[in-house]
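Reader: I'm new to this structure and would like a close look at one part of it. Could you walk me through it slowly, in plain words?

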Amino acid sequence: MCARYVFFSGKAFSDQFGGLAIPDLGPRYNIAPTQPVVAVASGPEAKVLQWGLVPSWAKDPSIGARMINARAETVAEKPSFRTAFKRRRCLLPADGFYEWVGEKGHKQPFFLQVEPTPFAFAGLWEIWEGPDGYLETCTIITTEANDAVRPIHDRMPVVIDQVDYGQWLDTAARPESLMPLLAPAAPDRVKMWPVGKAVGNPRIEGPELIEAIA
DNA sequence: CCAGACGTTGTT
DNA sequence: GTCTGG
DNA sequence: CCAGACGTTGTT
DNA sequence: GTCTGG
């Protein structure tokens, strides 16, 4: 899964979009569900979205906290995601993410990167209309882990390559043509190392969170 | 027909 | 133990 | 994912 | 909003 990630700066990512202005929320070393995140939607258009997709039909937006990931294998069919998969795909820029290994009480966090950085997660976004206005939210698509990640986890976030940004954000793209983009990244692009347990607390933030430990 | 679900992950 | 919030 | 709450009434 | 279960 992908439930915590890192995004240092919009500058390098902006260059990948020919200078598109990216909102500055960072640098962030511990982005957690329900928090605001940077995304690029079709256009391309940069947006700030709340992490945790709230379907348009939801009665209560609290469901978003449990919709932080969508499975690539079923995203085109699931009622919560299929509308966004057809019409509201996005890219979520990132410099890395975290996974935890081991049993509760003894979990060891790892920091993982997919080179070259920054990279972009495949995401979906949605609009929810509540009594106090509109809420725009998003989710990160996951797929099976590649050989590099599998030793620590069986799922990983989908990374869209720069060459495929246009296709992923093309509102006219046929859903079938998008499925090949939802494959795991090549194993040799993944770098990972163990980090301190402080990252577990979503209120702790800072570059020391991604420093390798012995 | 209406009522109720609609999700992922990890763990057991 | 389980659910909610970040 | 982990951290933190998990409840009501009355009073200040 | 749409689908499934009763």
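Reader: Let me start with threonine 34: which atom of DNA strand C lies 3.3 Å from a polar side-chain atom of that residue?

Author: It's a base nitrogen: a polar side-chain atom of threonine 34 lies 3.3 Å from a base nitrogen of DNA strand C. Keep in mind that this is a predicted model, and let's use threonine 34 as our way in.

So where does this residue sit? Threonine 34 is in the loop between E2 and E3. Its backbone is worth a look too, with phi near 80°, a positive value in a residue other than glycine. To put that in context, most residues other than glycine have a negative phi. As for burial, threonine 34 counts as partly exposed because its relative accessible area is 44%, which falls between the cut-offs of 20% and 50%.

Now widen the view to what surrounds DNA strand C. The residues around this strand are Arg4, Ala32, Pro33, Thr34, Gln35, Arg66 and Pro202. Of the atoms of DNA strand C that come within 4 Å of the protein, sugar and phosphate account for 27%. By residue type, the surface near DNA strand C divides into 3 nonpolar, 2 polar and 2 charged.

Threonine 34 has company in reaching bases. Arginine 4 puts a polar side-chain atom 2.8 Å from a base nitrogen of DNA strand C. Proline 33 takes part through its backbone, where a polar atom is 3.1 Å from a base nitrogen of DNA strand C.

Next, turn to DNA strand B. There are 18 residues around this strand, and Arg66, Arg71, Pro79, Thr142 and His153 come nearest. You've met Arg66 already, among the residues around DNA strand C. For DNA strand B, 76% of the atoms within 4 Å of the protein belong to sugar or phosphate, and the rest belong to bases. The residues of the surface near DNA strand B divide into 6 nonpolar, 6 polar and 6 charged.

A few individual pairs make this easier to see. In arginine 66, a side-chain N or O atom is 2.9 Å from a base nitrogen of DNA strand B. Threonine 74 has a side-chain N or O atom 3.4 Å from a phosphate oxygen of DNA strand B. Serine 80 places a polar side-chain atom 3.2 Å from a sugar or linking oxygen of that strand.

Which part of the protein gives the largest share of this surface? That would be strand E5 (residues 69–71), with 3 residues of the surface near DNA strand B. Let's stop at asparagine 69, which is found in strand E5. Asparagine 69 is buried, because its relative accessible area is 16% and the cut-off for buried is under 20%. Its side chain reaches two backbone oxygens: that of cysteine 2 at 3.2 Å and that of isoleucine 140 at 3.3 Å. Leaving aside residues up to four places away in sequence, asparagine 69 touches Met1, Cys2, Phe81, Thr139, Ile140 and Thr142. Thr142 is also one of the residues that come nearest to DNA strand B.

Back to E2 and E3, on either side of the threonine 34 loop. Both appear again inside the protein. The model has 1 cavity of 30 Å³ or more, and the volume of the largest cavity is about 90 Å³. Strand E1 (5–7), strand E2 (28–31) and strand E3 (36–41) are the elements that give two or more residues to its lining. The largest share, 3 residues, comes from E3. In total, 15 residues line the largest cavity, and Phe7, Leu25, Gly26, Arg28 and Val38 lie nearest its centre. The lining divides into 10 nonpolar, 3 polar and 2 charged residues.

If you carry on past E3, you come to proline 44, in the loop between E3 and strand E4 (45–51). The peptide bond from glycine 43 to proline 44 is cis, with omega near -5°. For comparison, most peptide bonds are trans. Another cis peptide bond joins glutamate 115 and proline 116, with omega about 0°.

Let's finish there. Glutamate 115 is in the loop between strand E8 (108–114) and strand E9 (119–130). Glutamate 115 is partly exposed, with a relative accessible area of 35%. Not counting residues up to four places away in sequence, glutamate 115 touches Arg189 and Lys191. With lysine 191, the contact is a polar one between the two side chains, at 3.4 Å.

Terms used
Residues numbered from 1 in each chain as written. Chains lettered and ligands numbered in written order. Predicted model: local features only at pLDDT ≥ 70, side-chain atom pairs only at ≥ 80, totals over all residues. Heavy atoms only, no water. Near = heavy atom within 4 Å. Polar contact = N/O pair within 3.5 Å; in protein donor to acceptor, adjacent residues only side chain to side chain. Nonpolar A, V, L, I, M, F, W, Y, C, P; charged D, E, K, R; others polar. Helix = DSSP H or I, 4+ residues; strand = E, 2+ residues; numbered from the N terminus. Buried < 20%, exposed > 50% of the residue type's maximum accessible area, 1.4 Å probe, protein only. Contact = heavy atoms within 4.5 Å. 1 Å grid on protein atoms, 1.4 Å probe; cavity = no way out; pocket = protein on both sides within 12 Å on 5 of 7 lines; lining within 4 Å. Points joined across faces, edges and corners; volume = space filled by probe spheres on them.
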